[in-house]
Structure formats: structure tokens, C-alpha cells
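Biologist: Please take a close look at one part of this model, the aromatic pairs, and set them in the context of the helices around them. I would like the reasoning spelled out step by step.

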Amino acid sequence: THTLSDIEVAQTLAEIGITYLLTFWLSDVSLANRRLATFLAVTLFVMGYFSLGLAKRIHGIHFAAVCFGIGEAIYTGLEDLLERDYLRQDGPLGELSAKMEQHYGVPAEDIRHQVMYKTTHVCLQGSIILVSIMLGVIG
């Protein structure tokens with residue numbers, strides 16, 4: 001296996017950020033087609049993790065960095081859409097949050113925010129577990 005120097009790690013992290021900055025406009029893909037955007041983002045993340053797990057040289061790690069950067073650029077648009085969906089009054093939580101407001105006296109907007117943040121937290125924790133399992137199996 002290849003041992004990375006501090007400079008190589010810094011270069012790889014910079015590659016992710018620079019790739020993301022150069023391709024952030026790809027987040028608009030999610031506005032046109034959510035399914036395509038989800039498929040592309042997940043595919044790029046998976047390719048990045050596989051490349052990272054199987055890399056024997058720095059080139060594989062550079063490839064993983066580019067995959068992560070582009071995947072993150074596409075995923076940014078999906079995050080924004082999800083947040084807007086949850087926070088809209090006529091969104092999936094609109095009617096439920098209005099009923100809870102009447103029952104508990106808590107503002108409906110606060111309820112929608114809480115649900116959105118808790119859902120995001122659960123998704124984040126689940127993805128961390130999946131990535132750990134994938135890296136454990138591959139690496």
C-alpha cells in the first residue's frame with residue numbers, strides 16, 4: 001500500500017475542493033431531474049469510495065478526489081431541494097405540522113424545521129455507518 005505524505009493528503013483535499021468549486025453549477029441537474037441527480041451523485045460517491053479502497057498508487061486517490069468533488073457538486077442541489085420541500089407550508093409536512101400546531105401549540109414552521117434536521121441527522125449517521133462498512137470490507 002501507498003503511504004501518503006502530508007503534502008499528498010493536502011493536495012488530495014485541495015483537489016476535492018477545487019473540483020467542487022469548478023463544478024458547483026452541476027447542482028442545477030437536480031432541478032431538472034431529481035432521479036438523475038441522485039443516481040449521478042450516488043454513483044460518483046460509490047466510485048470514489050471504491051477507488052479510495054482499491055488504490056495502490058496516488059493516481060487512484062486523485063481519481064477518488066475528483067469523484068467526491070463532482071458528486072458533492074451534484075448533491076448540493078439535492079440538499080437544497082430537500083430542505084425546501086420540508087420547509088414549505090404545502091410540502092409533505094404541511095398538513096401534519098398544522099395539526100400538531102393546533103394540538104401542541106408549537107408553531108408549524110418550528111415543527112417542520114425539527115423534522116428536517118432530525119431526518120438529515122438520521123441520514124448522515126446512516127451514511128457514516130454504510131461508508132464505514134464499505135471501507136472495512138474493501139480496505
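Modeller: The expected span of a helix is 1.5 Å times one less than its number of residues. The model is a predicted one, and helix H1 (residues 6-23) offers a check on that rule: its 18 residues should span 26 Å at 1.5 Å a residue, and its end C-alpha atoms are 26 Å apart, which agrees. Within H1 the buried residues are Glu-8, Thr-12, Thr-19 and Thr-23; viewed down the axis of the helix, they fall within an arc of 45°, so they line one face of H1. Asp-6, Ile-7, Leu-13 and Leu-21, on the other side of H1, are exposed.

H1 belongs to a protein chain whose secondary structure comes to six helices and zero strands, so that background can now be left for the aromatic pairs, of which the structure holds two. In one of them, the rings of Phe-45 and Tyr-75 have centres 6.3 Å apart and planes at 70°; since an angle over 60 degrees counts as edge-to-face, this pair is edge-to-face. The pair links distant parts of the chain, with Phe-45 in helix H3 (residues 34-54) and Tyr-75 in helix H4 (residues 58-87), 30 residues apart. Tyr-75 has a relative accessibility of 35% and therefore counts as partly exposed.

The other pair is formed by Tyr-49 and Phe-68, whose ring centres lie 4.9 Å apart with the planes at 65°, so that this pair, too, is edge-to-face. Here again distant parts of the chain are linked, Tyr-49 lying in helix H3 and Phe-68 in helix H4, 19 residues apart. For the accessibility of these two rings' residues, the cut-off to keep in mind is that buried means under 20% relative accessible area: Phe-68, at 13%, therefore counts as buried, whereas Tyr-49, at 21%, counts as partly exposed.

To place these details in the whole chain, 26% of its 139 residues count as buried. Among contacts between residues at least 6 apart in sequence, 67% join residues at least 24 apart. The protein chain exposes about 9400 Å², and carbon and sulfur atoms supply 66% of that area.

Terms used. Residues are numbered from 1 along each chain as its sequence is written. This is a predicted model: local features need pLDDT of at least 70, side-chain atom pairs count only at pLDDT 80 or more; totals for chains, interfaces and linings use all residues. Side-chain values use heavy atoms; hydrogens and water are left out. Helices (H or I, at least four residues) and strands (E, at least two) are DSSP runs, numbered from the N terminus. Buried means under 20% relative accessible area, exposed over 50%, partly exposed in between (1.4 Å probe, protein chains only). The arc is that of the directions from the helix axis to the C-beta atoms. Rings of Phe, Tyr and Trp (its six-membered ring) pair if their centres lie within 6.5 Å; planes under 30 degrees apart count as stacked, over 60 as edge-to-face and the rest as tilted. Contact means heavy atoms within 4.5 Å. Accessible areas come from the Shrake-Rupley method with a 1.4 Å probe; for residues, only the protein chains shown count as cover.
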